Amino acid sequence: MKQLQLSPRLALIADWVPLGTRLADVGTDHAYLPVWLRLHGRVVSAIACDLRQGPLARARETGRTYGADGIAYRLGNGLACVAPEEADTIVIAGMGGENIAAILERAPWTADGAHTLLLQPQSRAEVLRTFLADHGYAIRREALVRDRGTIYPVMEAGGGEMSLTLGQIHAGAALLHDPLGDRYIIEKIIRLQNAVAGLNRSGAQAEKADGLREIVTALLAMREEWRRAKSE
């Protein structure tokens, strides 16, 4: 039987899943992550959740193809199909930061301190970091991974308290020693500068342009912090 290979993004998440945990994978799609974890004996059970029938059918097919047992396949919106006592580790990956935040907001029990959250926003990571800081979560660690030419952040979070600077909201809560940190920050600065230039050309939304410039300034400061941390 052929071996299931995880993408770099999913491989990093898999590496962070605690050994012997009970997993819930929200937005599982093909269920590559829970299937891989069960095949390697990393988790005692898994719940593969998806909002749509199509992805859930693909998830079941992946489980059948690779012979993975111990996985429950559930149709549901976010964590609505998972009871708090059924999982210790919750993975929400491959969707926008706003969507991840909305899923957590509808499941406030995830901030009880008993659950490990592994979160991987495809976009708007700053929205997710802000939500976590404002709703009783703390980011325990964060790392960057390059997958198909794009750099993605991965966060481990749980119930707790944290406060973030503007720079940390946009450049990562704990990425000062990450080897991809400089590139991650530079790409954000370039996108924001292009957005400011577009607003300047339109001659409108001066207040929005000022807000974006403030973020750029914070990111430049974070880049200097990253460079100092790298040289230590």
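**Pockets, sheet and cavity in the predicted model**

The largest pocket takes up a volume of about 540 Å³. That value, like everything else here, comes from a predicted model. Its lining runs to 29 residues, and V26, G27, T28, A93 and M95 are the ones that lie nearest the centre of the pocket. Quite a few elements chip in: helix 1 (8–16), strand 1 (21–26), helix 2 (32–39), strand 2 (43–50), strand 4 (89–95) and helix 4 (97–105) each give two or more residues to this lining. Strand 4 makes the largest contribution, with 4 residues. In terms of chemistry, the lining of the largest pocket splits into 14 nonpolar, 9 polar and 6 charged residues.

One of the residues nearest the centre of that pocket, T28, deserves a second look. T28 sits in the loop that links strand 1 and helix 2. With a relative accessibility of 7%, T28 falls under the 20% limit and so counts as buried. Leaving aside residues up to four places away in sequence, T28 touches P34, A48, C49, D50 and A59.

Now for the sheet. There are 7 strands in it, arranged in the order 3-2-1-4-5-7-6, and the sheet is open with mixed pairing. Strand 3 (71–75) and strand 6 (137–147) are at the edges; each has a single partner strand, so one side of each has no neighbour in the sheet. From one strand to the next, the twist averages 20°. Strands of a sheet are held in pairs by backbone hydrogen bonds, in either a parallel or an antiparallel fashion. Strand 1 and strand 4 are a parallel case, joined by 4 bridges. Within this part of the sheet, A24 has I90 of strand 4 as its bridge partner.

Helices pack on the sheet as well. Helix 1 touches strand 4, strand 5 (116–121), strand 6 and strand 7, and the direction of helix 1 makes about 145° with that of strand 6. Which residues of helix 1 are buried? They are R9, L10, L12, I13, A14 and W16. These buried residues pack against helix 2 in addition to strand 4, strand 5, strand 6 and strand 7. Helix 2, for its part, lies across strand 1, strand 2, strand 3 and strand 4, and runs at about 165° to strand 2.

The second largest pocket has a volume of about 410 Å³. It is lined by 18 residues, with R124, A125, E126, K188 and R191 lying nearest the centre. At least two lining residues apiece come from helix 5 (125–134), strand 7 (150–159) and helix 7 (181–202). Helix 7 supplies the largest share, 5 residues. This lining divides into 9 nonpolar, 4 polar and 5 charged residues.

What about enclosed space? Rolling a probe the size of a water molecule over the atoms reveals where empty space remains. The count of cavities of 30 Å³ or more comes to 1. The largest cavity has a volume of about 40 Å³, and A171, G172, L175, L176, I185, M222 and W226 form its lining. Sorted by type, the residues around the largest cavity are 6 nonpolar and 1 polar, with no charged residue.

Notes
Residues numbered from 1 in each chain as written. Predicted model: local features only at pLDDT ≥ 70, side-chain atom pairs only at ≥ 80, totals over all residues. Heavy atoms only, no water. 1 Å grid on protein atoms, 1.4 Å probe; cavity = no way out; pocket = protein on both sides within 12 Å on 5 of 7 lines; lining within 4 Å. Points joined across faces, edges and corners; volume = space filled by probe spheres on them. Nonpolar A, V, L, I, M, F, W, Y, C, P; charged D, E, K, R; others polar. Pairing = 2+ DSSP bridges. Axes fitted to C-alpha atoms, helices over the stretch in contact; angles between N-to-C directions. Contact = heavy atoms within 4.5 Å. Buried < 20%, exposed > 50% of the residue type's maximum accessible area, 1.4 Å probe, protein only.
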